[in-house]
Amino acid sequence: MRKGGKIMFFTALFVVVLCAPFILNMGSAQAAPDPSLDTPEINALQEKECIADTEWMRENHMQLLDDWRWEVIRNGATEYVAPNGQVYDMSLDDTCLSCHSNREEFCETCHDYSNVELYCWDCHNPDYEE
Amino acid sequence: MQKDMKNQNSMERRTFLKAGAAVAAGAAVAGTLSGCHGGPITNKADGSEVVEPKAKTRQWGFVIDVPKLNELGIFEEIKEACHAYHNVPDTGNPKTAVKWIWEEEYHKTFPEIASEYLNEEIEELGFPVLCNHCADAPCVRGCPTEATFKREDGIVSMDYHRCIGCRFCMAACPFGARSLNFSDPREFLDEVNPEFPTRSKGVVEKCMMCSELIDKGETPICAAMSQGTIIFGDLNDPSSDVRKALNENFTIRRRVELGTGPSVYYIVDGGEA
């Protein structure tokens, strides 16, 4: 145990460095995101329903948007038949964002929380740009 | 004994390598030959109009009556309308210019057939040039991410989301019909048309024949504004307007010798006949 002290010291230092992110962020946990549905367009709806149920949309909206993009751009398709039989225009601007017009309170609450960068508006719906 | 085994093995290895080399050489030769002759290519993206005419699929195209268009003097208007609708930025620098449709002189439009002594009237004409929506588009072949692709109706279109800005397509296009956004295009747009998305930095763009309007049953903007001097239609449909125009006029296409099968035809001699 000639070098026991050094081994112990550097092991402790290693553990501290390893745990640094947890130690530094202690107590600064963010509240779970709460996306807001309070837009004039949604409030005007008689029956507040999206093209699919909330749970499904929460998990699959990115896949859905990707499928729409593929269909619209490559196959020239424009109509999407929702699970409930209703037909929607396959358009981020005209369908999704016409109701969810509150980008900051809706999209970005979750995306900020999960640290997934949104760059839709780099190109789409320039009205959002101030 | 062991030595014998070894010898046998090495012989086998030798024969194996020989056979392998022969197969590889055969494949290479076959590949080159089929490349030269076109061959019966069944791949959709490779289906060249010369090799395998598909009568049933569409191929949208244009016939441009250049003298008449010049006479009307409306090209600048058409270009502005196209660029304004599609949010094409005006960078003000020819090195970083983004162009969907623009004007070029005869010598630059048809360099391989332009001669030193040219009819003065033709020399003075401005030729509208744009993406030729080739039947066998080299940009589609070059694109490593399938961002550029050929639609069923013959339009060479782009999915800007997938473009990584590698510019292989720009190198492949013999018509210079593709432009890269060297910086954020919104900086150069006075007004943004909310109907059409802008692009972002590092993305290549080009004319997409107003595919979004065609999907709605409308005519591309340039053709709609041209007062009949840019005729739009299905090149594979013998009764279409473009085919009628091709029947009635002598037309030329750009860089036909490259075999890309451009879908834009030019009437150069006027339409008086």
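Among contacts in chain B between residues at least 6 apart in sequence, what percentage join residues at least 24 apart?

1. For chain B of this predicted model, the share is 64% of the contacts between residues at least 6 apart in sequence. The chain has 273 residues, of which 34% count as buried, and its secondary structure comes to ten helices and ten strands.

2. A word on confidence should come before the details. Chain B averages a pLDDT of 85, and 78% of its residues score at least 70. Two stretches of the chain call for care: pLDDT stays under 50 over residues 1-7 of chain B, where the model has zero contacts beyond four places in sequence, and it also stays under 50 over residues 46-54 of chain B, although for that stretch the model has 22 such contacts beyond four places in sequence. For the complex, the predictor gives an ipTM of 0.73 and a pTM of 0.75.

3. A sheet in chain B deserves a careful look. Four strands of chain B form an open sheet in the order β8-β1-β10-β9, with mixed pairing. Its edge strands are β8 and β9 (251-252) of chain B, each of which pairs on one side only.

4. The mixed pairing can be followed from strand β1 (residues 60-65) of chain B, which pairs with β8(B) in the antiparallel sense over five bridges. Within that pairing, B:Val63 stands opposite B:Ile231, and the bridge partner of B:Phe62 is B:Phe232. Towards strand β10 (residues 264-267) of chain B, β1(B) runs parallel and is joined by four bridges, with B:Tyr266 in β10(B) as the bridge partner of B:Ile64.

5. How much of β1(B) is buried? Six of its six residues are, and the strand is mostly covered. Both of its faces are covered, since B:Trp60, B:Phe62 and B:Ile64 are buried on one side, and B:Gly61, B:Val63 and B:Asp65 are buried on the other. Strand β8 (residues 230-234) of chain B has four of its five residues buried, so it is largely enclosed by the rest of the structure.

6. Two residues of β1(B) also stand out in the nonpolar packing. The largest nonpolar core has 55 residues, and B:Phe62 and B:Ile64 touch the most other members. Leaving aside residues up to four places away in sequence, B:Phe62 touches B:Ala223, B:Ile230, B:Ile231, B:Phe232, B:Val264 and B:Tyr265; one of these, B:Phe232, is also its bridge partner in β8(B).

7. Is helix α1 of chain A largely in the open or enclosed? Of the 15 residues of α1(A), the number buried is zero, so this helix lies largely in the open. Helix α1 covers residues 4-18 of chain A and reaches 21 Å from its first C-alpha to its last, close to the 21 Å expected at 1.5 Å a residue.

8. The last point is the contact between the chains, to which chain B gives 13 residues and chain A gives eleven residues. On the side of chain B that touches chain A, there are five nonpolar, four polar and four charged residues. This contact is best read together with the ipTM of 0.73 that the predictor gives the complex.

Note on methods:
Residues numbered from 1 in each chain as written. Chains lettered and ligands numbered in written order. Predicted model: local features only at pLDDT ≥ 70, side-chain atom pairs only at ≥ 80, totals over all residues. pLDDT = per-residue confidence, 0-100. Contact = placed C-beta atoms within 7 Å. Buried ≥ 20, exposed ≤ 12 C-beta atoms within 10 Å, placed from the backbone. Helix = DSSP H or I, 4+ residues; strand = E, 2+ residues; numbered from the N terminus. Pairing = 2+ DSSP bridges. Expected span 1.5 Å × (residues − 1). Nonpolar A, V, L, I, M, F, W, Y, C, P; charged D, E, K, R; others polar. Core = buried A, V, L, I, M, F, W, Y, C linked by C-beta atoms within 7 Å.
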